[in-house]
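Student: Could you take me through the surroundings of the ligand in this structure, one step at a time? I would like to see how the contacts, the cover and the wider setting fit together.

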Amino acid sequence: MVMGDPGPGGKYGEYGGRFVPEPLMAACMELEESFRSAWADETFRFQLNTILSDYAGRPTPLTECRRLSQRVGVRILLKREDLAHTGSHKINNVIGQALLAERMGKKRLVAETGAGQHGVAAATAAALFGMECVVYMGELDIMRQELNVFRMELLGAEVRPVKSGSRTLKDAVNEALRDWVSTCETTHYCLGSVMGPHPYPWMVRELQSIIGEESREQCRQLLHGLDPDWVVACVGGGSNAAGTFAGFISTTANLVGVEAAGGAAISNGVPGVLHGMMSNLLQDDTGQVLEAQSISAGLDYPGIGPEHAFLASLGRARYETAGDGEVLVAFKLLAQMEGIIPALESAHAIAWVSREAGKTIPFGSTVMVTLSGRGDKDVAQVKDLLRGG
Amino acid sequence: MVADISASFPARPSPADQIVARSAHDPGTIETRLRFWRDEGRKSLCCYLMGGMSRDWLDILQAISHGGANIIEVGIPFSDPMIDGPVIQAASRMALDAGATPATVLDEISRVEAGVPLVVMTYYNLLLKGGLSRMAKHMSRASISGSIIPDLPPEESAPWIREADGSGIENVMLVAPTTPVDRARRICESTRGFVYCVGTMGVTGERDSLSRTAREVAAKVMSVTDKPALVGIGVSTPAQAAGACSIADGVIVGSAIVRRVMEGAGASGVEKFVRSLRDAIDS
Ligand SMILES: Cc1ncc(COP(=O)(O)O)c(C=O)c1O
């Protein structure tokens, strides 16, 4: 079954798996077993859903974009993850993982973060559950996302700068994994996307599938029982896209993931192993991992979740790219046409839709776009970019 | 809520059952040598060096051999060394900046006579990208006897083992303090050369004292196999090496050597340090 349970090996076709050193094997197995049992437990589900609605603000609305639709010639509906607590879809995942960590008796969370959104969400969940929280963040991203660093600290988390490698998300994941090797007895690694060793790609997709389930029903209500023709989401590791696609996988909707042009693992990568998974990976001819390059820290990742590599190989989803320039245009466009300032990550999805409306996407189509987050965190950076500062 | 969600999660064989079991095999060079040393009542010393980390790394390799190492582990640098601490990370960076690739490291090794068996330690992506069959053959041409691929657990290792076996490369597997004993038994059946006992839960690097887990993991391994058991990760001083050898068949020392190379100890300084390790485990 596509987008089902990947089984004990965590395989999506040839992708996925669990490529971790032996010291982490037991922790991954314990996590898989705990998640299986929690996910099958009604009480756990009930607790999770209660926190998601009473604390995190779910369900998030589906917004029809009247002016933007008229401008580009396709009917655009936005799934408003930007309105969730902490400003992005990342909260869905961390609440689930923190609840699971509590159930497993772990008192400390470690997380990696790129844009800082997952770090902020993890710090938030740690505060809510009374857990200690350490967030690894690349030095370069710390400079790009100063405000989120302060937010995490306000929430009581410790932000540890990562100085190795490209000093971005990829290296923050390495550092979080290194922490986890020596602390896994007391610590849960709260991974932020559908990547890493099994069970993470599956578990995070399950925790994010609420985006797809809600929006499918909301679309059907709005579209008199019909599904949208296109479903589009931005892809860094791919969690908001996976959660969205999960709701539409058995519909006839065309599924599109939009990667940053400088971090396009599907378009420009080849199969490889990094961070515990087999997936598509940007790498040089000898197998060294290349650094991704994007204005959006959250999409600055040389890999992609293994299930996306599988969906791409099946042709069930397609993966496109958007470049920095058109993303900035889309960022402004959504702000000025709809009064919504999107996260730079989410603006990639908007950029692709506005570029391809009337081309890949026939005029008159209905397009559901997951707006994974709000742009408050990006305003300072965009101000510098637009004013040439 | 669905009444019985558990029905959709049928019991499955645990992934550990998928580990390829190999009962009988011809021991290769490494295992034969290590068994010989053990039969002589001596402990084995395996030292690590990052390939290509300095101009004189081949001289240092030979110095390690002269200092009394029984096996030398040669790192092939990777951009994302997940199980390595700051020292070996820095050495990887230096080697990569100096232009080291799997091919250059292997080609350079084949120009020297190390005098002891060599084991390559690297990450799986480099083998995948180079092609498993090609990499195994290249290692064999460079007179490499074994491989340690820390991010390649037994569940995923069948394709590499097939090629490694075919080229006479003994693939060494890891057992950790957290490895359950049943799983440890299966790993010990599949490993070749020796069992790499991960002495401490953590990344490679020097520690102030030998972890309590070092002896525990060695004892666990030795209760399920008679293959040679070497303790590595967190063994950094002669005293710690001797401590680990009170149970295990030998030790693996990495960061303590690499750090000395980075500090400019040169071939003679490294040889002296290796000799101090040798003396400690022999006394
Ligand atoms: C708002 C937002 N969208 C998307 C992403 C990318 O993550 P993913 O591809 O896992 O959804 C991030 C990551 O930081 C983010 O902050």
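Tutor: In this predicted model, a polar side-chain atom of A:Asn240 lies 2.8 Å from an oxygen atom of the ligand. The backbone takes part as well, for a backbone N or O atom of A:Gly238 lies 2.7 Å from an oxygen atom of the ligand, and a backbone N or O atom of A:Gly237 is found 3.3 Å from an oxygen atom of the ligand. As for cover, the ligand taken alone would expose 390 Å², and the protein buries 97% of that area. The ligand sits in the largest cavity, and the elements of chain A that each give two or more residues to the shell around it are strand 9 (230-235) and helix 10 (239-248).

If we now turn to the shell as a whole, 18 residues surround the ligand, and those that come nearest are A:Ser193, A:Gly236, A:Gly238, A:Ser239 and A:Ser372. Sorted by class, this shell holds eleven polar residues, five nonpolar ones and two charged ones.

There remains the question of where the ligand lies with respect to the domains of chain A. Domain 1 (12-51 + 90-200) gives residues to the shell, and domain 2 (59-88 + 209-386) does too, so the ligand lies between the two domains. The picture, then, is of a ligand placed between two domains, with 97% of its exposed area buried by the protein.

Notes. Residues are numbered from 1 along each chain as its sequence is written. Chains are lettered from A and ligands numbered from 1 in the order in which they are written. This is a predicted model: local features need pLDDT of at least 70, side-chain atom pairs count only at pLDDT 80 or more; totals for chains, interfaces and linings use all residues. Side-chain values use heavy atoms; hydrogens and water are left out. A residue is near a molecule or strand if one of its heavy atoms lies within 4 Å of it. A polar contact is a pair of N or O atoms within 3.5 Å; within protein, one must be able to donate a hydrogen and the other to accept it, and residues adjacent in sequence count only if both atoms are side-chain atoms. Accessible areas come from the Shrake-Rupley method with a 1.4 Å probe; for residues, only the protein chains shown count as cover. On a 1 Å grid over the protein atoms alone, a cavity is a set of points where a 1.4 Å probe fits but cannot get out, and a pocket is an open set with protein on both sides within 12 Å along at least five of seven lines; lining residues have an atom within 4 Å of a point. A molecule sits in a cavity or pocket if more than half of its atoms lie within 2 Å of its grid points. Helices (H or I, at least four residues) and strands (E, at least two) are DSSP runs, numbered from the N terminus. Ala, Val, Leu, Ile, Met, Phe, Trp, Tyr, Cys and Pro count as nonpolar, Asp, Glu, Lys and Arg as charged, and the others, Gly among them, as polar. Domain bounds come from an automatic or database domain assignment.
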